[in-house]
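Dear colleague,

I am passing on to you the structure that we spoke about, with its sequence, so that you can look through it at your own pace. My notes on what was found in it come after it.

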Amino acid sequence: MTRPVKMLRLQDKSEIEAIIIRCQQNDRVAQRQLYMMFADELMSIAIRYAKDKSMARDLVHDTFIKVYEKIGTFQLNRGSFVGWMSRILINRAISDFRKHKRVLYQTEEVFDQACTDEVDIVQQLEAEDILQLLQILPEGGRLIFNMYIIEGYKHNEIAKILGISPSTSRSQLTRSKALLRQAITRRHNRFKKTGTK
């Protein structure tokens with residue numbers, strides 16, 4: 001059973017560093033230990049980007065392969081190791097979208113009529129609710145929602161990375177928020193009727 005990273009004790013930091021050093025020397029046992037320590041953490045990120053759990057598992061698998069290839073470039077005294085791995089995973093997810101040339105964005109009018117008094121939907125929900133609701137979004141909208149709301153990218157940065165215009169990024173984010181609001185309203189109404197989620 002894997003241990004979530006947040007559950008690791010402070011004294012485990014030296015254990016993790018020792019495992020990283022051994023991975024940098026291509027130690028297969030250390031690579032397995034690294035996987036067992038961080039697979040759940042990466043899976044929780046991957047599921048936000050992937051269409052389903054199977055694709056999320058593939059994304060985590062591919063990320064670890066890349067981590068093992070590039071771990072020699074990671075410097076222990078600079079930055080967070082989890083952050084470094086997360087960035088590899090996110091870049092891989094973005095790369096997969098581009099590589100498969102999926103139709104990410106539907107032609108649509110820009111949603112300029114967004115409500116100004118809108119309450120941030122992310123703050124209203126539990127993490128598990130967010131993960132379930134994200135799956136209703138079209139792939140392009142889900143990608144932009146994650147990049148903007150969760151990862152903190154600006155629309156200009158998203159546009160440059162994805163090869164789209166900033167207005168398309170804004171439009172897709174607004175559309176994604178609208179879809180999520182509708183889903184939240186339906187869930188809330190169902191809860192009021194039945195008394196269950």
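The notes below begin with the chain as a whole and then turn to two of its helices.

Please bear in mind throughout that this is a predicted model. The protein chain holds nine helices and zero strands, so that, read from the N terminus, its elements run α-α-α-α-α-α-α-α-α. Of its 197 residues, 38% count as buried, and the chain exposes about 12,200 Å², of which carbon and sulfur atoms supply 51%. If one takes the contacts between residues at least 6 apart in sequence, 65% of them join residues that are at least 24 apart.

Helix α1 covers residues 12-24, and because each of its 13 residues should add 1.5 Å, a span of 18 Å is expected, which agrees with the 18 Å between its end C-alpha atoms. Which residues of α1 are buried? They are Asp12, Ile16, Ile19, Ile20 and Cys23, and since they cover an arc of only 100° around the axis, they lie on the same side of α1. Such a pattern can be read against the general geometry: an α-helix has 3.6 residues a turn, so residues three or four places apart point the same way. Among the elements that cover the buried residues of α1 are α2 (28-49) and α4 (81-99). After α1 comes Asn26, whose phi is positive, near 60°.

Helix α3, residues 53-70, can be described in a similar order. At its start, a side-chain oxygen of Asp52 comes to within 3.2 Å of the backbone nitrogen of Ser54. With 18 residues at 1.5 Å each, α3 should span 26 Å, and its end C-alpha atoms are 25 Å apart, which agrees. Its buried residues are Ala56, Leu59, Val60, Thr63, Phe64 and Val67, and because they cover an arc of only 140° around the axis, they too are placed on the same side of the helix, here α3. What do the buried residues of α3 pack against? They pack against α2 and α4, whereas on the other side of α3 Arg57 and Glu69 are exposed.

When you open the model, you might start with α2 and α4, as both are among the elements that cover the buried residues of α1, and the buried residues of α3 pack against both as well.

With best wishes

Terms used:
Residues are numbered from 1 along each chain as its sequence is written. This is a predicted model: local features need pLDDT of at least 70, side-chain atom pairs count only at pLDDT 80 or more; totals for chains, interfaces and linings use all residues. Side-chain values use heavy atoms; hydrogens and water are left out. Helices (H or I, at least four residues) and strands (E, at least two) are DSSP runs, numbered from the N terminus. The expected span of a helix is 1.5 Å times one less than its number of residues. Buried means under 20% relative accessible area, exposed over 50%, partly exposed in between (1.4 Å probe, protein chains only). The arc is that of the directions from the helix axis to the C-beta atoms. Contact means heavy atoms within 4.5 Å. Accessible areas come from the Shrake-Rupley method with a 1.4 Å probe; for residues, only the protein chains shown count as cover. A polar contact is a pair of N or O atoms within 3.5 Å; within protein, one must be able to donate a hydrogen and the other to accept it, and residues adjacent in sequence count only if both atoms are side-chain atoms.
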